Amino acid sequence: MKAFNSYIGRPMERVEDLRLVRGKGTYVADVNRPNQLYAVILRSSTAHGIIKSIDTADALALPGVHRVLTGKDLGNKVPVIPLRLQPLPQLEPFHQPVIADHKVRYVGEPVAVVIAESAAIAEDALEHIMLDIEPLPAVATREHAETKRSVVFEEYGSNTAITWKAFKGNADEAFKGADYIRREKFKVQRHAAMFMEPRGFVAEWDEVAGKLTVWGAAKTAWHNRRTLAAQLGLPLEAVDLIEVDVGGGFGSRGEFYPEDYLIPAAARIVGRPVKWTEDRREHMMTANHAREMECDVEFACTRDGKFIGLRGQIWSDIGAYIRTNGSVGPRNIAQYMCGPYCMDHVDLKSSMLTTNKTPCGTYRGPGRYETDFVRERMIDLAAQDLKIDRVELRRRNLVADAQMPYPLPSITPFDSSTELDSGDYHTVFDRCLKEFNWEEKSKLRGQLIDGYYHGIAIGSFIEGGAAGPKEEVRLVLETDGALSVYMGSSSVGQGLETIMAQIAADAMEMPYHKITILHGSTAYVKDGYGAYHSRSTVMGGSAILVGAEKLKELIRKTAAQRLGCKPEEIVIDDEQASFGGKHLWFAGLSETPLEVEAAFFNKKYTWAYGTQAAHVAVDPGTGHVKVIEMMSVEDVGRMINPLTLHGQALGSMVQGLGGAFLEHLVYDDEGQLLTGSFADYLLPTASDFPKLDSVTLELKPCPNNPLGAKGAGEGALIPVGGLMANAIADALSHLNVQPMELPLSPPRIWQLVEEAEAARAKA
Amino acid sequence: MKPPIFEYASPSTVAEAVSLLAARNGNAKVISGGQSLMPMLAFRLAAPELLVDLRHLKDLDAIRIGEDGVRLGAKVRWCDIEGDSRLVTGHPLLAEAIKHVAHYQIRNRGTVGGSVAHADPSAEMPGIAMTCDAQMTIVGSAGTRVEAAADFFTGPLQTSLEPDEILTEVHLPAWPAARRWAFLEFARRKGDFAMAGVALFYDLDGSGRIANAHVGAIGVADRPIRLSEVEAVLNGNQMSDKLIAAASAKARQTVDPPTDIHAPGAYRAALVATLLGRGLKKSAA
Amino acid sequence: MQIEFNLNGQPVSADVEPRTTLADCVRDNFGQTGTHLACEHGVCGACTVLVNGEAVRSCLMLAVQVQGDKVVTVEGLSGDELTPLQAAFRKHHGLQCGFCTPGFITTAHALLSHEPDADEERIREVLSGNLCRCSGYVPIVEAVLEARSAYRDAGSK
């Protein structure tokens with residue numbers, strides 16, 4: 001790639017913004033089809049029970065109600081949702097049926113679909129449906145699950161769906177000889193992606209053409225199309241999933257949910273377009289939950305602070321069904337607990353427990369957030385016990401540049417091995433110390449100022465990205481010289497249209513404004529994959545590079561025919577193809593558009609990495625924690641757009657802080673979800689965390705893709721839980737307060753202080 | 001979350017509004033700012049047949065400050081209180097407390113009357129009304145009555161208002177310039193309902209002893225409460241660290257807050273004691 | 001019920017059920033879909049519009065309650081060129097998915113129209129009534145700080 005243009009690396013303002021700041025975006029709730037009806041879903045308010053009867057007669061009688069669908073309207077067998085990731089046969093018992101069949105297993109499970117003239121009328125109809133459910137005891141805690149208070153899948157007979165094992169070296173042997181072993185239990189609370197735009201679909205069935213069109217796709221449209229077509233018994237070509245503007249995803253939106261089937265099915269049944277949007281209360285009980293886990297782990301070191309390994313057991317409360325990507329988080333907790341540190345011996349078992357709660361899926365940095373909390377806490381505890389400085393202890397153990405590629409633990413079943421690709425972890429670590437002014441801030445440690453105790457902490461993290469296997473693009477040089485790029489990548493709000501245009505502009509050596517990026521819809525390319533695991537830049541961007549080379553070949557070939565020479569003799573420069581003093585502009589080069597298809601294949605994850613530091617102040621009377629300042633430094637190999645990348649880092653940090661302090665999906669002992677609105681599920685606001693910053697570096701490009709980039713949308717969230725807990729422990733070190741559980745809510749901090757003071761009084 | 005079906009009326013006088021309410025026999029509700037009622041309708045926690053909008057009613061949106069204190073019309077909004085500079089000295093406790101209410105957009109609509117009639121146990125205005133011995137003016141089919149705050153708040157989200165009654169005014173007694181006061185609340189985020197809050201004032205007698213202590217708390221019971229036992233500890237004594245500690249301890253003993261998903265009762269009890277101690281210290285500064 | 005009001009500078013009328021919120025009315029009756037619904041219970045601020053110049057949560061108002069009023073949505077604050085406020089949002093990357101953005105634009109416009117000298121603390125205080133899940137708020141605050149100069153130049157209300 002000639003260094004002609006350099007859009008890559010420039011903080012380009014986003015082309016998406018032109019419509020979005022004007023309120024001219026088109027989100028699925030803004031899509032309307034002629035003659036459409038509206039769907040509202042009746043959901044179980046019982047966590048666990050047998051459906052005795054569903055009486056829909058009164059609801060149907062309401063003026064404006066057209067149909068009420070239940071399981072028996074969907075054919076002989078209610079379709080189930082297959083797993084997209086780790087689709088092991090032994091996990092089949094846990095697939096979710098698209099509508100509750102004979103049993104309900106969580107509050108929020110779909111039981112019936114009302115289709116009416118308006119959403120309001122459909123909602124009115126819900127109250128007239130008589131649902132008779134014989135309740136069963138609910139499995140609402142790990143204790144319930146393990147003692148089998150009830151069994152969520154009675155044929156299976158146990159609430160432990162599967163246990164993954166992450167392993168490296170020989171932990172049992174290594175632990176035998178270890179100078180230092182510390183064993184601790186940790187807990188992370190259930191919370192969720194909670195994107196701002198509620199989910200929705202508009203589905204339309206064209207009887208004449210035999211074609212189903214569904215608006216509202218996101219993330220993994222091609223996979224979802226395969227699933228939906230199979231469930232409906234339609235050929236692939238008969239189904240189009242269209243992505244419009246998407247209001248955030250964070251790993252949760254876009255996976256195949258029950259409604260991905262129910263709304264299109266309803267459209268086919270009633271013969272009119274059907275529109276559905278969830279409301280926020282519904283969203284909280286239906287969109288994937290995440291992160292709920294407990295663990296009991298041991299950490300071993302040598303006397304002089306060389307990490308030996310990790311051993312132990314993890315339990316993830318994954319809810320009532322295994323969702324399309326429900327195994328990813330629990331696997332990641334085990335596989336990546338070692339993080340960016342050298343650990344030769346790992347033996348971690350990670351069990352997935354079924355409970356009568358909303359099913360779980362991935363949420364940004366899945367499993368990574370939880371596991372970093374555990375590991376970084378253990379490191380600070382070890383530092384305390386071994387009397388080694390926390391900074392020094394980390395430095396001693398970070399994987400070194402010379403050790404790359406460095407193998408991470410493997411995981412089984414659905415075996416997977418990976419290695420850290422490249423990185424200078426020590427330089428980034430030191431840069432963070434410098435940017436944060438660690439030396440200066442250390443003077444504040446444990447100080448009581450205006451009623452607040454001050455503390456600081458540091459932590460390092462790795463961020464896996466660029467999951468394969470491939471991404472597809474279609475490049476079209478239009479007759480007017482503009483370039484249309486059709487992609488399999490999807491937008492979830494990350495600025496895809498801008499970033500990809502930068503890459504395409506550089507690759508084709510064309511002006512940026514002549515490039516349009518079209519994304520996410522199955523109509524655009526044959527087989528796309530989508531946006532997850534921080535892969536769009538690497539996979540989609542690299543596919544564009546591959547496509548650009550192919551397109552330039554085609555341009556050379558076309559120009560050569562017209563100029564009477566060989567293709568290799570054509571020079572492409574400045575939107576022209578030239579030979580022997582004669583120039584042909586891209587515009588008008590051919591009478592019809594020139595089109596190529598290309599794909600980029602990848603089997604190796606990229607590993608962005610970084611270090612984060614924080615300064616907090618704790619009020620022991622109220623338990624309030626002020627985040628005074630936070631600094632995140634990350635090496636991403638190659639930055640395409642520093643402006644959007646910075647945005648990803650800041651957004652990630654605040655999500656991490658939400659998880660550390662505020663967000664919690666609370667259930668009672670009967671599986672009732674007590675957090676049903678934004679009044680109870682607390683999201684960070686503009687006044688909560690004012691002083692955050694991040695620095696992004698391009699130290700060590702990734703050797704495994706032509707861009708040299710690493711997936712970088714999740715990293716800054718990953719260390720936040722551990723960082724906050726460590727900083728609080730540092731602030732309250734005079735009391736030896738040791739947080740082992742998230743969230744670090746005011747009552748929890750207060751409780752820890754009370755217990756510590758009581759213990760001190762006794763001593 | 002679309003509201004259930006209801007009818008709507010926007011009468012021009014209080015009398016009209018009252019008769020509309022009376023005609024529906026308990027199945028009509030008043031709406032003004034709607035900041036508390038609309039979410040309830042969205043969640044279908046309320047399903048009135050008729051909403052009676054006070055928007056055209058005149059003369060209920062004035063803030064009158066005089067010798068007898070501060071009279072807040074029921075339609076006075078939070079932004080009106082925020083924007084009325086007379087209150088900074090005229091009733092500093094009210095002015096300070098209202099700073100904590102909700103958010104910008106809500107403050108443009110939410111009203112004194114609405115908040116007091118809704119009677120959320122964690123809300124600031126009911127807390128101020130209780131602490132200050134406010135007098136509520138209420139108009140219904142049976143006529144006009146005036147009721148003390150202590151009798152007005154009867155339970156969680158419950159007041160003595162009959163279905164055909166409208167709160168028209170909240171009257172806070174006169175505020176002497178030399179009065180000592182403090183308002184402190186602790187919320188998870190700015191603008192959230194308080195996990196607990198304390199509103200207090202007292203006067204100092206000739207020898208600098210506390211007199212007429214009023215200590216109110218929100219978020220620690222099913223309604224805003226006065227901590228009368230704490231007031232008894234304070235009255236007749238000079239402020240000191242020892243007195244503050246004793247008052248705080250008494251507060252912690254006498255409240256019995258419920259446990260909910262946000263906090264255990266013990267936390268709220270300790271919190272109100274902490275806020276009281278800090279408030280007393282602040283008031284004496 | 002028949003209602004008449006002024007929407008984005010134009011007199012409009014509609015026949016709505018009393019239970020229709022102002023948010024649903026501007027979206028469904030008048031096709032102004034820039035006003036977004038993210039919670040419908042008055043917490044997130046995505047539905048913020050201006051009624052008689054004041055920022056309100058349109059999901060907490062009934063359409064029948066704006067009879068005779070002046071309502072301005074994000075579309076009414078937009079033109080052929082980006083306004084200084086919108087340009088500042090773009091410059092500072094104050095939006096990612098854009099779903100919360102109209103609510104921030106209308107709220108910030110209301111704030112700066114009344115208080116063009118608002119400092120960072122005041123801006124954060126006012127914006128704390130609008131939720132954003134993508135940006136982490138820092139770039140939004142930077143955008144609003146920068147936009148102040150345009151409102152100062154225009155003269156405050």
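**Note on a predicted model: a sheet in chain C, the chain contacts and two domains of chain A**

1. In chain C, N6(C) has P11(C) of strand 2 as its bridge partner. The model in which this pair is found is predicted. Strand 1 of chain C covers residues 2-7, and 6 bridges tie this strand to strand 2 of chain C, the two running antiparallel.

2. These two strands belong to an open sheet of 5 strands in chain C. The strand order is 2-1-5-3-4, and the pairing is mixed. From one strand to the next, the twist averages 40°.

3. Which strands of chain C stand at the edges of the sheet? They are strand 2 (10-15) and strand 4 (54-57). Each has a single partner strand, so one side of each is left without a neighbour in the sheet.

4. A helix also packs in this region of chain C. Helix 3 of chain C lies across strand 3 (48-51) and strand 4 of chain C. The angle between helix 3 and strand 3 of chain C is about 35°.

5. Chain C touches chain A through 44 residues of chain C and 45 residues of chain A. On the chain C side, the elements that give two or more residues are helix 2 (84-91), helix 3 (101-114), helix 4 (120-127) and helix 5 (138-154). Helix 3 of chain C therefore has two roles in this note: it lies across strands 3 and 4 of chain C, and it is listed among the elements on the side that touches chain A. By class, this side of chain C holds 23 nonpolar, 13 polar and 8 charged residues.

6. Chain A is also in contact with chain B, with 20 residues of chain A meeting 16 residues of chain B. On the chain A side, helix 3 (119-126) and helix 18 (746-762) are the elements that give two or more residues. Helix 3 of chain A supplies the largest share of that side, 4 residues. The chain A residues there divide into 8 nonpolar, 6 polar and 6 charged.

7. How is chain A divided by the domain assignment? Domain 1 is made of 428-461 + 606-763, and domain 2 spans 467-601. The C-alpha centres of domain 1 and domain 2 of chain A are 41 Å apart.

8. The two domains of chain A touch each other, with 14 residues of domain 1 in contact with 14 residues of domain 2. On the domain 1 side of chain A, the residues that touch domain 2 comprise 5 nonpolar, 7 polar and 2 charged.

How values were computed:
Residues are numbered from 1 along each chain as its sequence is written. Chains are lettered from A and ligands numbered from 1 in the order in which they are written. This is a predicted model: local features need pLDDT of at least 70, side-chain atom pairs count only at pLDDT 80 or more; totals for chains, interfaces and linings use all residues. Two residues are in contact if their C-beta atoms, placed from the backbone, lie within 7 Å. Ala, Val, Leu, Ile, Met, Phe, Trp, Tyr, Cys and Pro count as nonpolar, Asp, Glu, Lys and Arg as charged, and the others, Gly among them, as polar. Domain bounds come from an automatic or database domain assignment. Two strands pair if DSSP finds at least two bridges between them. Axes are lines fitted to C-alpha atoms, for helices over the stretch in contact, and angles run from 0 to 180 degrees between N-to-C directions.
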